[in-house]
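This briefing is meant to be read alongside the sequence and the coordinates. It takes up strand pairing, then the nonpolar cores, and then the surroundings of the ligand.

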Amino acid sequence: MLTGKSILLIVGGGIAAFKTLELVRLLRAQGASVTPVLTEGGAQFVTPLSLAALAGETVHRELFDLTAEAEMGHIELSRAADLVVVAPATADLMGRMVGGLADDLATTLLLATDKRVLIAPAMNVRMWEHPATRRNANALREDGILFVGPTEGDMACGEYGPGRMAEPAEIRAAIAAALGGGPLQGRHVLVTSGPTHEPVDPVRYIANRSSGTQGAAIAAALRDLGARVTLVTGPASVPAPTGVDVVPVETARQMLAAVEAAEPADAAVFAAAVADWHVRAASEQKIKKGAGGLPELALAENPDILATVSQRATGRPRLVVGFAAETESVVETATAKRARKGCDWLLANDVSPETGIMGGTENRVVLITETGAEDWPRMSKQAVADRLARRIAEALG
Ligand code: CTP
């Protein structure tokens with residue numbers, strides 16, 4: 001949460017400026033107040049009226065604005081906030097920050113502030129990769145300016161690559177991290193996510209339909225509450241969130257090793273859909289069809305990562321959370337599973353194909369604890385993640 005925090009938001013002149021409206025909404029929903037500053041370029045992309053309406057505050061635009069100077073001078077404006085955020089930060093604005101220019105309200109505030117500055121760059125991929133921008137980005141980092149993004153993806157100009165402004169939720173998370181003080185500050189939380197791939201031979205593998213959506217959302221939600229997060233992930237189809245330590249793995253055995261290497265942790269959430277078996281003697285060469293008839297795949301059991309960590313005598317995370325993917329008698333089966341695995345909490349979900357949960361964006365879970373079962377209504381995986389992260393923060397105290 002950002003209750004009571006005040007953000008000075010400088011909106012630069014790029015197409016990504018439209019995303020800052022959503023950012024303002026997210027910040028205010030978390031209790032922050034937002035004072036918007038709109039550059040001349042920014043005003044080509046968002047109107048002062050929409051920004052003012054969403055922020056619930058006057059939009060500052062001019063360096064020499066006598067009314068504003070009488071009420072609050074630009075020096076004061078630059079220092080009244082807890083954090084200065086520039087989104088989008090254009091190549092031009094970055095260059096002017098490096099040069100220490102102060103020829104408009106935005107650059108003057110950036111030069112006059114005594115607060116930390118976080119920028120969300122957004123520009124065409126070639127502009128981002130240009131040596132001049134590289135130099136400027138390095139210089140700004142050396143000056144202690146914080147960055148969020150840019151990320152890689154399709155761009156408004158039709159090109160693909162790094163240069164896209166980070167999504168509003170990521171910027172909000174970076175703001176929360178920059179301001180510190182989340183309830184999980186100083187805690188380390190481990191999260192497993194995604195499917196595992198168990199090789200049959202160098203080109204084939206056994207896998208499952210997990211997309212890694214729920215695990216990635218949990219990692220992001222824990223990060224937003226200030227935790228240091230290690231995300232041990234199998235080959236997921238959704239990208240890992242920024243601002244977490246990502247350890248990519250393929251097999252269940254690699255996942256266990258990565259979890260053990262990342263410990264100790266205060267809490268661990270095992271959201272991965274780990275394969276129960278691996279092929280006992282995976283072939284070193286591609287298996288050929290032919291005279292030998294059909295290949296026989298002998299399976300061996302994989303280590304149960306959740307049970308191994310839960311039942312460890314020493315160094316066990318204080319809170320261990322598992323998931324149970326069930327297709328029938330969800331609560332009874334999951335209650336028995338919690339006891340068998342030895343974890344503290346188990347989030348049970350019904351993954352019958354008709355629920356659309358496996359690989360989908362929504363989830364409906366039952367939280368099984370020592371004291372009973374708590375039914376959560378169907379909600380987005382993001383909302384499940386936020387609720388779980390808050391519960392973890394409460395449990396760790
Ligand atoms: N899990 C794990 N390691 C495994 C198998 C599962 O850590 N080798 C974890 C999952 O990440 C999840 C929980 O155990 O948190 C439950 O997974 P699930 O597939 O529902 O349980 P299984 O142990 O496979 O039980 P069953 O196949 O009997 O349903």
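In this predicted model, Ala 267 stands opposite Leu 319 in strand E16, a pairing that belongs to the four bridges by which E13 and E16 are joined in the parallel sense. The points below begin with E13, pass to E19 and to an open sheet of five strands, and then turn to the cores and the ligand.

**Strand E13 and its partners**
- Strand E13 is covered on both faces, with Ala 267 and Val 269 buried on one side and Ala 268 and Phe 270 buried on the other.
- E8 is also joined to E13 by four bridges, and these two strands run parallel; within this pairing, Leu 190 stands opposite Ala 268 of E13.

**Strand E19 and its partners**
- E19 is mostly covered, since five of its five residues count as buried, that is, under 20% relative accessible area.
- The buried residues of E19 are divided between two covered faces, with Val 365, Leu 367 and Thr 369 on one side and Val 366 and Ile 368 on the other.
- E17 pairs with E19 in the antiparallel sense over four bridges, and the partner that Asn 349 finds in E19 is Val 365.
- E19 is likewise joined to strand E20, residues 372–375, by four bridges in an antiparallel arrangement; here the bridge partner of Val 366 is Asp 375 in E20, and a hairpin of two residues connects E19 to E20.

**The open sheet of five strands**
- Five strands, in the order E2-E1-E3-E4-E5, form an open sheet in which the pairing is parallel.
- The edges of this sheet are strand E2 (33–38) and strand E5 (146–147), each of which pairs on one side only.
- Strand E4, residues 116–121, runs parallel to E5 and is joined to it by two bridges, with Leu 118 standing opposite Leu 146 in E5.

**Nonpolar cores**
- The largest nonpolar core has 32 residues, of which Ile 218, Leu 222, Val 269, Leu 347, Trp 376, Leu 388 and Ile 392 touch the most other members.
- Among the elements that each supply at least two residues of this core are strands E8 (188–193), E13 (267–270), E16 (319–326), E17 (345–350) and E19 (365–369), together with helices H10 (213–224) and H14 (381–396).
- Helix H14 gives the most to this core, contributing seven residues.
- Leu 222 touches Leu 184, Val 189, Val 191, Ala 227, Val 229, Ala 389 and Ile 392, when residues up to four places away in sequence are not counted.
- Another core, of 31 residues, lies apart from the largest one and includes Leu 38, Ala 55, Met 165 and Ile 175.

**Surroundings of the ligand**
- There are 14 residues around the ligand, and those that come nearest are Phe 270, Ala 272, Phe 323, Lys 337 and Lys 341.
- Backbone atoms approach the ligand at several points: a polar backbone atom of Ala 272 is 2.6 Å from a ligand oxygen atom, and a backbone N or O atom of Leu 306 lies 2.8 Å from an oxygen atom of the ligand.
- A nitrogen atom of the ligand, in turn, is 2.9 Å from a polar backbone atom of Pro 303.
- On its own the ligand has 580 Å² of accessible area, and the protein covers 78% of this area.

How values were computed:
Residues numbered from 1 in each chain as written. Predicted model: local features only at pLDDT ≥ 70, side-chain atom pairs only at ≥ 80, totals over all residues. Heavy atoms only, no water. Core = buried A, V, L, I, M, F, W, Y, C linked by side-chain atoms within 4.5 Å. Buried < 20%, exposed > 50% of the residue type's maximum accessible area, 1.4 Å probe, protein only. Contact = heavy atoms within 4.5 Å. Near = heavy atom within 4 Å. Polar contact = N/O pair within 3.5 Å; in protein donor to acceptor, adjacent residues only side chain to side chain. Areas by Shrake-Rupley, 256 points an atom, 1.4 Å probe, with all protein chains shown as cover. Pairing = 2+ DSSP bridges.
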